[in-house]
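Dear colleague,

I am handing over a structure that you have not worked with before, and I would be grateful if you could look through it with the notes below at hand.

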Amino acid sequence: DRSKFCSRKCQGAWTSKYSSRKETVIEATVRQLLDSMGIQYEQEFRIHCYVCDFFIASSKLVIECDGVYWHNIDSVARRDQHKGKVIAGAGYKLLRLPELKIKQDTEWCKEQIALLL
């Protein structure tokens, strides 16, 4: 069986661009947090072949919401590292908010965002 894609990376890029993905609970929480802070942002912002959860253009800040389960898988952690290098190389700041902080300590999340604005 041959795939219509040249690689898994190519398939992932296509999937992230053309498939609709529902907002996760932690992304909804961060969206509400950004709204409450009066911050203008874009959701599902593309940087090269990666789609980022949130982008704040005024400070070139990318916010990623990292779920406990998925982001502790070795292959996902490696992808996250590479994604971080690509984001930094493109001149953006990156803030990774872990799921437990998003769910249990939104004030800490607000402080982290404010530090990078």
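What follows is a description of the sheet, then of the helix lying across it, and lastly of the aromatic rings and the charges over them.

Please keep in mind throughout that this is a predicted model. The sheet is the natural place to begin: four strands form an open sheet in the order β1-β2-β3-β4, and the pairing within it is mixed. Since β1 (42-47) and β4 (93-98) stand at the edges and each has a single partner strand, one side of each is left without a neighbour in the sheet. On average, neighbouring strands of this sheet are turned by 45 degrees against each other, with direction ignored.

Taking the strands in order, β1 pairs with β2 (residues 50-56) in the antiparallel sense over five bridges, and within this pairing F45 stands opposite C52 in β2. The next pairing, between β2 and β3, is also antiparallel and is made by three bridges, with I63 in β3 as the bridge partner of F54. These two strands, β2 and β3, form a hairpin with four residues between them, and K60, which lies in the turn, has a positive phi of about 50 degrees. The pairing of β3 with β4, by contrast, is parallel and runs over six bridges; here D66 stands opposite P98 in β4.

You may then ask which residues of β3 are buried on each of its two faces. On one side these are L61, I63 and C65, and on the other they are V62, E64 and D66, so that both faces of the strand are covered. In other words, six of the six residues of β3 are buried.

The helix to look at alongside the sheet is α3 (residues 74-89), which lies across β1, β2, β3 (61-66) and β4 and runs at about 55 degrees to β2. Together with the two strands that pair in the parallel sense, this helix makes a right-handed β-α-β unit, formed by β3, α3 and β4.

Turning to the aromatic side chains, the structure holds four aromatic pairs. One of them is formed by F45 and F55, whose rings are stacked, at 4.0 Å centre to centre and with 15 degrees between the planes. This pair links distant parts of the chain, as F45 belongs to strand β1 and F55 to strand β2, ten residues apart. Both F45 and F55 are buried. F45 also forms an aromatic pair with Y92, and this one is edge-to-face, at 6.3 Å centre to centre and with 75 degrees between the planes. Here too distant parts of the chain are linked, with F45 in strand β1 and Y92 in the loop between α3 and β4, 47 residues apart. Why is F45 classed as buried? Its relative accessible area is 15%, and because the term applies under 20% relative accessible area, the residue falls within it. Taken together, F45, F55 and Y92 form one aromatic cluster.

Two charged side chains are also worth finding in the viewer. K60, the residue of the hairpin turn with the positive phi, lies over the face of Y92, at 4.9 Å from the ring centre. Elsewhere, the charged end of K101 sits over the ring of W108, 4.9 Å from its centre.

With kind regards

Terms used
Residues are numbered from 1 along each chain as its sequence is written. This is a predicted model: local features need pLDDT of at least 70, side-chain atom pairs count only at pLDDT 80 or more; totals for chains, interfaces and linings use all residues. Side-chain values use heavy atoms; hydrogens and water are left out. Two strands pair if DSSP finds at least two bridges between them. Axes are lines fitted to C-alpha atoms, for helices over the stretch in contact, and angles run from 0 to 180 degrees between N-to-C directions. Contact means heavy atoms within 4.5 Å. Buried means under 20% relative accessible area, exposed over 50%, partly exposed in between (1.4 Å probe, protein chains only). A crossover is right-handed if, with the strands pointing away from the viewer, the path from the first strand over the helix to the second runs clockwise. Rings of Phe, Tyr and Trp (its six-membered ring) pair if their centres lie within 6.5 Å; planes under 30 degrees apart count as stacked, over 60 as edge-to-face and the rest as tilted. A charge sits over a ring if NZ of Lys or CZ of Arg is within 6 Å of the ring centre and within 35 degrees of the ring normal.
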